[in-house]
Amino acid sequence: MSETPAYIDFETYTEHIPDSIPSAVQQATGRFAGLRSTRVAELPQWEDLRQIGSDIRLHTIENMDVYLARLESAVQAAGGYVHWAATAEDARQIVLKIAKDHNVRLAVKAKSMATEEIGLNHALQDAGIEALETDLGEYIIQLAGTGPSHIIVPAVHLRKEDIADLFSEKLHINAPADPIELTRIAREKLREKFLAAEMGISGANFMVAESGTIVMVTNEGNGRMCTTLPDLHVAVVGIDKVIPDWESLTVFLKLLARSATGQKLSTYTQFITGPRQAEGEFGPKEFHLVLLDNGRSNVLKDPVGREVFKCIRCGACANVCPVYKSVGGFAYGWFISGPIGAIFAPQMLGTPTARELPYASTLCGACADVCPVKIPIPTILRHLRRRVAQGDDFAASTMPATVRTAAGLASIALAWNWVYRLGARLLPGVMSMFRRGQWIPWAPYPLSRWTKARPLPVFTGGFRQWWQARARQGKERR
Ligand code: SF4
């Protein structure tokens, strides 16, 4: 049986990553951040909405047991089945059993981070069941054999030229670098699968406790196809996605689309309450909801860290993060990247495993400024740094030798002016052997550990000149 995707599994994640990551990511995140600002500026009550959203999420986190019990009763009352999965393995086994009981050979999937979390596709494939991603971005990364590099735009690191090359290679066609044509190709491939699949698998953006409704917010019609055409629908959802009622939902729908893609409302907002109630209606005959814990209950015990569960997965924090924009999502080593990944992964996997992530931040606070539910990301990062330093094994002795050596060299260079100057003079010459334009796509070991995941920017050595010019200007002004 396949395991949950490993943390920092560079072999899997980086095999097909092109050199275009920085430019592709920067372009896309810049566009999303701009659209978000425009939409937010149109809404004078934005700050009030953020506060209400934050209050509702905090209230739900503090009373999660109550709302989950209410949700379970409501789903069952609507004719659905509820399964509790304490671990990723439990969740995989539950889905596999449902699939085997119904003789499923082909499953079509809507975008779902929870199924990424439990490595469901591999488990299904190991059991001889084809699992096909039908969200365009997920379809692309499934063809590429990588994980997602952004919460809402899984293939954000790829340009249309990269996708055309990928389609040509994997689908044995001559695909043009034209987004409309590429979408048409994917649509043609997927449509026949929707009709043939025996099972549809999805996640959910929210679960409304009062009515047992799962809510899916998408911009493609694939989610509706997956959850209405097959006779069997299985939704795998983290327990943190529960919200109290429909009134709460109206707040989150306003916050989510604006923060994620700069839309007033997403193209499709789908509400699913149990299976179809009568022959002739749309929807599956059977509906199963798998409620995934997988460590969430533990995180709930930490009064600071648990605010991570306020997250509505909009991705806005990644779009403004200077670290994410420079290194892309694969550098975070887990399926949730960006600032939210930096506070989510260490808590879910344990700080000894993902101990570097709380440090992968400048603490500039841009993420907290845009977060629609006011998650204090820098505060949680500092809290996790403290936990790593005090309670976990992030002492210098456990740092990899390469990091210790690099830190030692850096401290010498910064302590001795002449060493820094000499290094700054020599470095551009050394780098010129490896550079391609403004980037270094490959460097020898140990730097190859970095360049395997993303290119290094070229060191220009311009900082001292800039600093001296700035100092001169200051003197002249005085
Ligand atoms: S932490 Fe906030 S900004 Fe980031 S994905 Fe979650 S809700 Fe969006």
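**Exercise 1. Work out how strand β7 (residues 232-238) sits in this predicted model: is it buried or exposed?**

Step 1. Start with one face of the strand. Leu232, Val234, Val236 and Gly238 lie on this side, and each of them is buried.

Step 2. Turn to the other face. Here we find His233, Ala235 and Val237, which are buried as well.

Step 3. Put the two faces together. Seven of the seven residues of β7 are buried, so the strand is largely enclosed by the rest of the structure.

**Exercise 2. Find which strands pair with β7, and in which direction they run.**

Step 1. Look at strand β4 (residues 199-202). Four bridges join β4 to β7, and the two run parallel. To fix the register, note that Gly200 stands opposite His233 of β7.

Step 2. Now take strand β10 (residues 286-292). Seven bridges link β7 with β10, again in a parallel arrangement. In this pairing, His233 stands opposite Phe287 of β10.

Step 3. Combine the two registers at His233: this residue has Gly200 opposite it in one pairing and Phe287 in the other.

**Exercise 3. Place Val236 within the nonpolar core: which residues does Val236 touch?**

Step 1. Begin with the core itself. The largest nonpolar core has 113 residues, and those touching the most other members are Ala107, Met207, Val236, Val237, Val290, Leu292 and Cys317. Helix α12 (residues 246-261) gives the largest share of this core, with seven residues.

Step 2. List the contacts of Val236, leaving out residues up to four places away in sequence. They are Ala91, Val95, Ser112, Ala114, Thr115, Ile118, Leu120, Ile201, Gly203, Val290 and Leu292.

Step 3. Set this in context. In soluble globular proteins, nonpolar side chains tend to be buried together.

**Exercise 4. Describe the overall form of the protein chain: how many helices and strands does the chain have, and what is its radius of gyration?**

Step 1. Count the secondary structure: the protein chain has 22 helices and twelve strands.

Step 2. Compare the radius of gyration with the globule rule. The value is 24 Å, close to the 23 Å that the rule gives for 478 residues, so the chain is as compact as a globular protein of that length.

Step 3. Add the extents. The C-alpha trace spans about 80 × 50 × 45 Å along its principal axes.

Step 4. Check burial and contacts. Buried residues account for 42% of the 478 residues. Of the contacts between residues at least 6 apart in sequence, 74% join residues at least 24 apart.

Step 5. Finish with the domains. The domain assignment gives domain 1 (10-165 + 193-297) and domain 2 (419-477), and their C-alpha centres lie 42 Å apart.

Conventions
Residues numbered from 1 in each chain as written. Predicted model: local features only at pLDDT ≥ 70, side-chain atom pairs only at ≥ 80, totals over all residues. Buried ≥ 20, exposed ≤ 12 C-beta atoms within 10 Å, placed from the backbone. Pairing = 2+ DSSP bridges. Rg over C-alpha atoms; globule rule 2.2 N^0.38 Å. Contact = placed C-beta atoms within 7 Å. Domains from an automatic or database assignment. Core = buried A, V, L, I, M, F, W, Y, C linked by C-beta atoms within 7 Å.
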